[in-house]
Amino acid sequence: MSTSFARHLAIGDPQTTYERFLDVLRGWDALDGDRLRPDVSLLAIGDYFDFHAPELAIEVIAEHGVRIMNWLLAHDAEQVKIIMGNHDVCRLMEFAAIDNADFKHAVSLARAKNQDEFVRCFPTVPSLVVVL
């Protein structure tokens, strides 16, 4: 891998679907097929998993974040640098003690705007907004 790149791009707070993430990179003419062009380096700056899409199931939203992260990680570390975002760090701390079933329950309460029940069930989570 060459350490000489013709272009250096940065993308932050993607908070979107995998397809839209790639569409943005295509718009910058940064892709060769489904990978970065060899002459492009990318700095990816955090918040890969949080985005608001009430029409999508939480598992689908999570899968988009995982796909984006896997895509970034599939590139050489010289070409793609990954920085953890503030949302990523916060979610790790806020949800450390919550399993997938509890998280799903938290999302259902948040989508129903049931603040009282949310606070009763999840006192360590600062607000129902953080699960949306």
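## Salt bridges overall

Searching the whole structure turns up five salt bridges. Keep in mind that this is a predicted model. Three of the pairs are walked through here, including their exposure.

## Helix to helix: Arg 67 and Glu 19

Arg 67 and Glu 19 pair up through their side chains, with an N to O distance of 3.1 Å. This salt bridge ties together distant parts of the chain: Arg 67 sits in helix H2 (residues 58-73), Glu 19 belongs to helix H1 (residues 18-27), and the two are 48 residues apart.

How exposed are the partners? Arg 67 has 32% relative accessibility, so it counts as partly exposed. Glu 19 lands in the partly exposed class too, at 38% relative accessibility.

## Within helix H1: Arg 26 and Asp 23

Helix H1 also has a pair of its own. The side chains of Arg 26 and Asp 23 form a salt bridge at 2.8 Å, N to O. Because these residues are three apart in helix H1, about one helical turn separates them.

On the accessibility side, Arg 26 is partly exposed at 42%. Asp 23 is partly exposed as well, with a relative accessible area of 46%.

## A small network: Asp 29, Arg 37 and Asp 39

Asp 39 and Arg 37 make a salt bridge through their side chains, 3.1 Å from N to O. That contact is part of something bigger: salt bridges with shared partners link Asp 29, Arg 37 and Asp 39 into one network.

Why does Asp 39 count as partly exposed? Its relative accessibility is 25%, and buried would mean under 20%. Arg 37, at 24%, is partly exposed by that cut-off too.

Conventions
Residues numbered from 1 in each chain as written. Predicted model: local features only at pLDDT ≥ 70, side-chain atom pairs only at ≥ 80, totals over all residues. Heavy atoms only, no water. Salt bridge = Lys/Arg side-chain N within 4 Å of Asp/Glu carboxyl O. Helix = DSSP H or I, 4+ residues; strand = E, 2+ residues; numbered from the N terminus. Buried < 20%, exposed > 50% of the residue type's maximum accessible area, 1.4 Å probe, protein only.
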